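Please read this briefing with the sequence and the structure side by side. The topics run from the overall build to single residues and their contacts.

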Amino acid sequence: MFSWYFKTNLLLRILVGLVLGAIVGLIVGPGIAVIRPLGTIFVRLLTMIVMPVVLTTLVVGAASISPARLGRVGVKIVVFYMFTSAVAVGLGLLAGNIFRPGLGLNLAGGAAAGRELTSPPLVDTLINIVPSNIFSALVNGAVLQVIFFAVVFGVGISYLQISKDDRLRKAGEVLMNVFDGAAEVMYLVVRWVLQYAPIGVFALIAVVFGQQGKEAFGPLFTVTGAVYLALLVHLLLVYGGSLTAFKVSFRRFLAGTRAPSLTAFVTRSSGGTLPVTLAAADQMGIKREVSSFTLPLGATINMDGTAIYQGVCAIFVANAIGMPLDLTQQLTVIVTAVLASIGTAGVPGAGAIMLLMVLNSVGLPVVEGTPVAMAYAMILGIDALLDMGRTGLNVTGDLAGTIIVAKTENEFDEEVFAGRAAADLVSPAE
């Protein structure tokens with residue numbers, strides 16, 4: 001009976017839910033609050049999956065980086081990915097502080113938005129990354145502590161898998177299969193939850209516009225503009241500057257990456273774009289000895305576009321509830337976003353799940369019925385639009401890092417790169 005619903009494009013359904021929710025909220029006004037339970041269910045579904053997604057995906061992500069392969073190429077590309085991700089989230093926070101999205105929205109209505117944002121000293125924040133009890137951290141939603149444990153545990157599994165002791169190697173393989181299977185189950189559950197997203201977004205947005213009126217439109221335009229401007233600046237300054245420093249033509253690079261970048265923009269999946277990205281790397285003269293390792297790894301841990309999105313959106317949520325983030329909390333956002341990117345799946349909508357982790361790390365848990373949940377719902381309504389831009393940048397960053405590493409390892413044919421890029425400047429890649 002509902003086959004028409006499930007066969008319709010999810011992006012289209014969410015956008016329709018956003019538009020209809022805004023219209024109905026404006027027409028009905030405060031009385032629309034009667035449908036709040038539909039939005040509450042959606043928020044509870046999202047919070048239900050956060051900790052399992054964090055634990056399973058990060059363990060698999062860390063365990064997939066085999067120490068045996070993590071030699072010079074591995075170290076170089078991981079450093080590049082982590083550094084550019086940190087710069088990206090910092091750039092996102094800078095854009096958020098400049099444009100100040102959400103300021104004046106006052107979703108809290110003068111009341112407390114949840115627990116008070118009391119920021120501990122930076123040293124305490126760094127110390128608290130290490131959990132004293134991982135089970136307690138899981139129960140209490142201590143995201144940074146769970147991330148730290150998952151990365152350490154995943155690295156431990158990767159060492160077991162290359163052990164010369166058959167018993168230890170088999171144990172490592174079993175653990176990897178268990179967590180890999182659990183991660184795949186969580187990806188499936190995420191897809192199920194997202195099927196309910198259009199209904200949840202409709203209800204949450206309707207309540208927001210019913211209470212706030214047409215004033216809610218401005219902040220959404222500001223968020224979108226801030227994110228895309230930061231994406232463009234990161235592309236030009238960080239990637240353009242890095243490639244120029246290594247004497248690689250940025251103009252030719254952009255021509256050569258057009259096909260994977262556009263594919264990622266449309267599909268919103270860096271993982272799904274991987275075959276196109278690998279083909280582009282071949283055509284640009286990057287040897288497979290490098291690209292076959294760096295690009296799949298980048299699809300998993302290199303999330304520069306997503307990091308920018310986290311920075312801007314964290315500022316938006318904090319401003320929207322009248323509790324702007326201080327410097328320590330913004331540094332916590334950077335640490336959380338960079339570490340969480342290790343296991344974030346390269347699939348549509350993964351950034352929205354990652355945003356839940358970031359908000360929780362700075363004392364803004366998305367709890368049903370709170371102003372934080374309302375602000376998060378506004379972001380979720382336009383997430384697909386933001387996701388296209390950030391995924392395109394993610395894939396472009398994978399190729400930028402791959403070219404730089406390949407050149408330093410003498411695995412880059414510059415004549416092929418110059419010839420192919422010149423051809424792409426004349427006609428689009430097939």
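What follows is a set of lead sentences and then bullet points grouped by topic.

The model is a predicted one, and its protein has 19 helices and zero strands. Of the 430 residues in the protein, 54% are buried, and the accessible surface comes to about 18100 Å², with 67% of that surface belonging to carbon and sulfur atoms. Among contacts in the protein with a separation of 6 or more, 84% are between residues 24 or more positions apart.

**Nonpolar cores**

- The largest nonpolar core holds 120 residues, and the members that touch the most other members are F42, V223, F316, L364, Y376 and I403.
- Helix 8, which covers residues 166-212, gives the most to this core, contributing 15 residues.
- A second core, separate from the largest one, has five residues, and I35, A203, A206 and V207 are among them.
- When residues up to four places away in sequence are not counted, I403 touches L243, V248, F253, M284, I286, F412 and F417.
- As a general background to these cores, nonpolar side chains in soluble globular proteins tend to be buried together.

**A nonpolar patch on the surface**

- L12, V16, V19, L20, I23, I27 and V28 form a nonpolar patch on the surface, and together these residues have about 620 Å² of accessible area.
- One of the patch residues, I23, lies in helix 2, which runs over residues 10-28.
- I23 counts as partly exposed because its relative accessible area is 43%, a value that falls between the 20% limit for buried and the 50% limit for exposed.

**Helix 18 and its salt-bridge network**

- Helix 18 spans residues 383-408, and its 26 residues at 1.5 Å a residue should cover 38 Å, so the distance of 37 Å between its end C-alpha atoms agrees with that expectation.
- Helix 18 is mostly covered, since 23 of its 26 residues are buried.
- Within this helix, R390 and D387 are three residues apart, which is about one turn of the helix, and their side chains meet in a salt bridge with an N to O distance of 3.1 Å.
- Salt bridges that share partners join D383, D387 and R390 into one network, in which the side chains of R390 and D383 also meet, with an N to O distance of 3.1 Å.
- The residues of this network are buried, because the relative accessible area is 0% for R390, 5% for D383 and 3% for D387, where buried means under 20%.
- Just after helix 18, N410 takes a positive phi of about 55°.

**A salt bridge in helix 8**

- A search of the whole structure finds five salt bridges, and one of these joins the side chains of R169 and D166, with an N to O distance of 2.5 Å.
- R169 and D166 both lie in helix 8, and they are three residues apart, about one turn of the helix.
- R169 counts as partly exposed because its relative accessibility is 25%, and D166 also counts as partly exposed because its relative accessibility is 43%.

**Contacts made by single helix residues**

- N319 lies in helix 14, which covers residues 304-320, and N319 counts as buried because its relative accessibility is 8%.
- Not counting residues up to four places away in sequence, N319 touches R100, P101, G102, L103 and P324.
- I334 lies in helix 15, which covers residues 327-340, and the C-alpha atoms of I334 and S85 are separated by 8.7 Å although these two residues are 249 residues apart along the chain.
- Leaving aside neighbours within four places in sequence, I334 is in contact with A86, V89, G90 and L93.

Technical notes
Residues are numbered from 1 along each chain as its sequence is written. This is a predicted model: local features need pLDDT of at least 70, side-chain atom pairs count only at pLDDT 80 or more; totals for chains, interfaces and linings use all residues. Side-chain values use heavy atoms; hydrogens and water are left out. A nonpolar core is a set of buried Ala, Val, Leu, Ile, Met, Phe, Trp, Tyr and Cys residues joined through side-chain atoms within 4.5 Å. Buried means under 20% relative accessible area, exposed over 50%, partly exposed in between (1.4 Å probe, protein chains only). Helices (H or I, at least four residues) and strands (E, at least two) are DSSP runs, numbered from the N terminus. Contact means heavy atoms within 4.5 Å. Patches are made of residues with over 30% relative accessible area and no salt bridge: like charges are joined within 9 Å, nonpolar side chains (Val, Leu, Ile, Met, Phe, Trp, Tyr) within 5 Å. Accessible areas come from the Shrake-Rupley method with a 1.4 Å probe; for residues, only the protein chains shown count as cover. A salt bridge is a side-chain nitrogen of Lys or Arg within 4 Å of a carboxyl oxygen of Asp or Glu. The expected span of a helix is 1.5 Å times one less than its number of residues.
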